[in-house]
Amino acid sequence: MRLVLKRLAAVPVVLLVLSTMVFAAIRLLPGSPATGLAAGGASGTATAADITANTEKINAALGLDKPLLSQYWSFLSDIVHLDLGSSFYGGNDITGLLGDTLPATIELTVAAMLIAVLIGMLTGILAALRRGTWIDTATRTIGTVSFSLPWFALGVLSIVVFGVWLRWLPVIGRLPNALDYHPLTNFVLLDAILQDRPELIWPWLEHLILPATTLALSMAGFITRIVRASVLEVLGDDFVRTARMKGLSPAAILRRHVLRNSSLPIVTVLGLQFGSLLGGSVITETVFSYPGVGNLLVNGILQRDYPIVQGAALAIALLFTLVNVFVDLLYLALDPRLRKA
Amino acid sequence: MSETLLEIRGLTVEFDVPAGRLPAVAGVDLSLRRGEILALVGESGSGKSALSMSLVGLNRGPRAHIGGEVLFGGRDLVAADEKELRGVRGRDIAVVFQDALAALNPTQRVGDQVAEMIRTHRKVPKRQARERAVELLGEVGIGNPAQAARAYPHQLSGGMRQRVMIAIGLANDPAVLIADEPTTALDVTIQSQVLRLLKRLQADHGTAIVLITHDLGVVAEVADRVAVMYAGRIIESGTRDEVLFHPQHPYTMGLLSSVPRVDGPAVARLPAIAGSPLTGVARPKGCAFAPRCAFAHAACGDAIPQLQQRYGGQAHLDRCVLERSRETLAVTP
């Protein structure tokens, strides 16, 4: 329990450090929000003098003319008051934007995680049980290849194959535009249940399959390797021999003795891999025009929309930290030896 | 006492190792009688564990080659397939392993580990199996067995864990219990408690026990018969008193003289057997112990001596060619 409390106590510190880094990093990028806005968008009719004048006006309006330290201070105090500011473009409230996009990203990453765990566990166990055979070699080779494939390549490939050639699945967005959807929680599955609208589920799944699988495949290859290694290790443990001595069948030994004991390293890796999954979701969301936090973040960076970048990065960091606290809780559930103290 | 329960004939166990084929057990004939405690004595690598694990096929695997026969209840367990063996394991023949902490599942409550043994072979409801598990834990001398049943292995002491292991072994009242160095990992006081427990259970249930040990003190305390192993073969066997008090084979003599004795002369250093046991793939043509034997002569290298009755009692066998009389060669322990 103490372990979990410790991790929870560290969350604000992590978020403070991270928000400081994001605050600094975005301002180190060449260009500023004002230059983009001052040029008058795409019309390009503004003169140099106009631009300079506009820039000053805009900087003043956005508070970007103040010293960096005072900008930093007001950014921090706003966060403490749970105010993430509003977008430089259009003035949308960031908290509201995150409320719309974060559920989409959670859906995507959780779906990807489930697919990856399913594939990774099955192939990893299979490879371990058939160690040294061609099945083992084939599984590991495919695993290595899939986890070496970059997300964007896999994403574009799947769009071309399943969306363009085969026309099996939609490749853009989260739900069809024509669909009449009034979000309540913004989690489609949850809303479908709460609003009693089962017809929402299929279009949602249809849109989720490709991006989630794209995201899942590289992680699945990694999980395969970890699962294989830890199952092999546990298979060599003395208590597995005890289970055989009892007269248990191989299936019962696997189910009751091997899996639980090999799950610890697997769960650790899953928690850490969730971070790279979130990173991958930024790319995947962009490729599939999926309205998640990653997409929001990329647009924010391109437009130098500081509050959006800061808010989106914070949201992703918070998600990652919470997942790892959950992983710690899972440890305690899985291994009674850790429950002391 | 004399009814043969399990008979081992020409048992060989070989393992594929990088250097070739390691003969862990090189032809063993041995019988176990109903209700007796048979001690299998030898140094590490002498083949005693390989022998006992192959009785229930626990060392089967792609790198193991097991030959010979293990006759039990009218069938040959060496030839039996895995499915048939699963019916024997844990029900007719159970094993108590050495390091109970490693041999118990760290993530399962010990009561459930005992109950699992019961439910593997008998169709009883979970609750009933759990209740029986608590009874068994009480029977092996665990105070407050109901509480212990809910504990995880790491929450128990070493002695308690070994008792749990024994409770698992006894759960289905097997005819044979193989105890593989059951006291090695324990304190001396706990050791003798566990030994007395085994002895009592053997008396109460009539379970035959194969006790694997390298500790001659343990043998003296509980064994009915003794078989001494060296380099994969039995080199001497007989009743406990015959082997311990009238050893015939120079190796047994050496083992016995290296045990400290309360009533013996005070010595600065206990005698040790020179050299180290054979562990490699290559084996000599003659007696495997000859290179270390103080009495070895040219004839010892000719052929492997037969295990036969020589100078001792009727059932006291040894595997040595040395001509001698007990008067001239008495290296009494």
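How far apart do the end C-alpha atoms of residues 8-256 of chain B lie? Select that span: the distance is 26 Å, and the stretch is 41% helix and 27% strand. UniProt, in an unreviewed entry, places the feature "domain: ABC transporter" here; such annotations may be inferred rather than shown by experiment.

Before moving on, a word on the model: it is predicted, with local features needing pLDDT of at least 70 and side-chain atom pairs pLDDT 80 or more, while totals for chains, interfaces and linings use all residues. Residues are numbered from 1 along each chain, chains are lettered from A, and side-chain values use heavy atoms.

Now go to chain A and select helix 7 (residues 151-165) with helix 11 (residues 250-287); helices are DSSP runs (H or I, at least four residues). Their axes, lines fitted to C-alpha atoms over the stretch in contact, come within 9 Å and cross at roughly 40°. The two helices are therefore oblique, a class for angles that are not under 35 degrees, over 145 or 65 to 115. Show side chains next: Trp151(A) and Phe152(A) are among the helix 7 residues that meet helix 11, where the partners include Ile283(A) and Val287(A). Contact means heavy atoms within 4.5 Å.

Keep helix 11 of chain A and add helix 5 (residues 94-129) of chain A: these axes come within 9 Å and cross at roughly 140°. That makes helix 5 of chain A oblique to helix 11 of chain A too. Look for Leu108(A), Met113(A) and Ile125(A), among the helix 5 residues in this contact, and for Phe274(A) and Glu285(A), among those of helix 11.

Note on methods: Axes are lines fitted to C-alpha atoms, for helices over the stretch in contact, and angles run from 0 to 180 degrees between N-to-C directions.
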